[in-house]
Amino acid sequence: MSDGRPGVGMTGFASMAPAPAAVLDPEELYSVRQAVGVMGGKRLAVLTGAGLSTDSGIPDYRGPGAAPRNPMTFQEFIGSEANRRRYWARNHLGWSHLRHADPNAGHAAVALMERRGLLSGLITQNVDRLHEDAGSVNVVDLHGRFDQVVCLESGHIFSRRLIAAILEEINPGFLDAALESGLVEMAPDADATVEDPELITSFVMAVCPRCGGTLKPDFVYFGENVPKDRVERAYAMVDQAEALLVAGSSLTVQSGLRFVRHAAKAEKPVVIINRGTTRGDSYATLKLELGVSGALDYLARNLPDIPRAMTPIGVSPD
């Protein structure tokens with residue numbers, strides 16, 4: 001993380017310098033001022049998605065220009081050693097590229113909102129931990145954490161940096177050879193395309209350093225359920241809020257859309273900032289087709305203070 005940033009997390013993510021907040025043109029200013037009118041004076045729950053991290057150099061799943069992908073499901077991962085080998089080989093390459101990304105102006109804006117007392121809490125669908133690096137504290141990492149690896153047999157948790165070091169030791173020369181074979185695409189979970197199938201089949205997987213069990217990145221795969229305690233804590237944040245702000249999520253998966261439906265059912269204003277259609281548009285009080293970082297930066301500086309005190313949702317011990 002860059003010098004001078006107030007963050008407390010460690011993403012393990014990587015690569016390009018963060019983009020500054022975009023300067024809003026007059027039409028965009030008009031739109032975001034409407035959002036101030038809708039949300040001003042209200043405690044907010046914030047839900048963020050991959051569109052917020054694109055300005056940090058981390059690719060989006062479904063945003064404009066994103067390459068079509070078919071992510072490995074949890075059932076595929078646990079059902080085949082060949083699938084696990086392919087996944088870990090691609091992930092190891094992706095990790096080597098994406099392990100140094102810094103939070104961008106949008107992450108900093110959400111952290112500022114929290115410091116100003118405007119939030120009941122933050123729910124993120126991202127696994128990159130950039131919110132924590134920017135200084136956000138009261139965060140539900142809905143889909144897990146990419147800076148951790150879990151043993152499926154024992155439940156032991158290890159840092160991704162430790163497992164990366166083990167993989168480098170038992171696969172000498174793999175990264176250089178994979179780069180020479182051609183890097184086609186990246187994904188937010190650091191999955192990367194490895195062109196040479198022989199590299200995949202020769203890749204040696206790491207096992208749990210404690211029990212020799214199967215390792216998996218500590219985030220929720222497609223086909224895997226979000227842990228119940230995370231869902232309950234996220235719902236509590238929405239319940240304690242007076243409005244819901246969605247930033248950078250297409251809301252394609254139910255894990256995020258349910259909170260939009262929950263807020264709308266409770267007749268709470270829902271503001272969505274996202275370039276492109278989302279599954280939550282029909283529930284939105286206001287939909288803004290704006291760049292996420294620039295809009296959040298404006299809101300963090302221009303939403304009015306909330307005079308009354310409110311007890312925040314407790315910070316999760318993980």
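**Exercise 1. Describe how helices α9 and α10 pack in this predicted model.**

Solution. Begin with the handedness: α9 and α10 meet in a right-handed crossing. Next, take the geometry of the axes. Helix α9 spans residues 228-240 and helix α10 spans residues 254-265; their axes come within 10 Å and cross at roughly 35 degrees. Then list the residues involved. On the α9 side these are Val231, Ala234, Tyr235, Val238 and Asp239, and on the α10 side Arg258, Phe259, His262 and Ala263. Finally, classify the residues of this contact: six are nonpolar, one is polar and two are charged.

**Exercise 2. Classify the aromatic pairs Tyr87 with Trp88 and Phe219 with Tyr221, and state whether their members are buried or exposed.**

Solution. The model holds eight aromatic pairs, two of which are treated here. For tyrosine 87 and tryptophan 88, the ring centres lie 6.4 Å apart and the planes stand at 85 degrees. Because planes over 60 degrees apart count as edge-to-face, the pair of tyrosine 87 and tryptophan 88 is edge-to-face. Both of these residues, tyrosine 87 and tryptophan 88, are buried.

For phenylalanine 219 and tyrosine 221, the centre-to-centre distance is 5.5 Å, with 25 degrees between the planes. Planes under 30 degrees apart count as stacked, and phenylalanine 219 with tyrosine 221 is accordingly a stacked pair. Phenylalanine 219 and tyrosine 221 are likewise both buried.

**Exercise 3. Which residues form one aromatic cluster?**

Solution. Start from the residues of the two pairs above: Tyr87, Trp88, Phe219 and Tyr221 belong to one cluster. Then add Phe77 and Phe146, which complete that aromatic cluster.

Note on methods. Residues numbered from 1 in each chain as written. Predicted model: local features only at pLDDT ≥ 70, side-chain atom pairs only at ≥ 80, totals over all residues. Heavy atoms only, no water. Axes fitted to C-alpha atoms, helices over the stretch in contact; angles between N-to-C directions. Helix = DSSP H or I, 4+ residues; strand = E, 2+ residues; numbered from the N terminus. Left-handed = near helix turned anticlockwise from the far one by under 90°. Contact = heavy atoms within 4.5 Å. Nonpolar A, V, L, I, M, F, W, Y, C, P; charged D, E, K, R; others polar. Phe/Tyr/Trp six-rings, centres within 6.5 Å; stacked < 30°, edge-to-face > 60°. Buried < 20%, exposed > 50% of the residue type's maximum accessible area, 1.4 Å probe, protein only.
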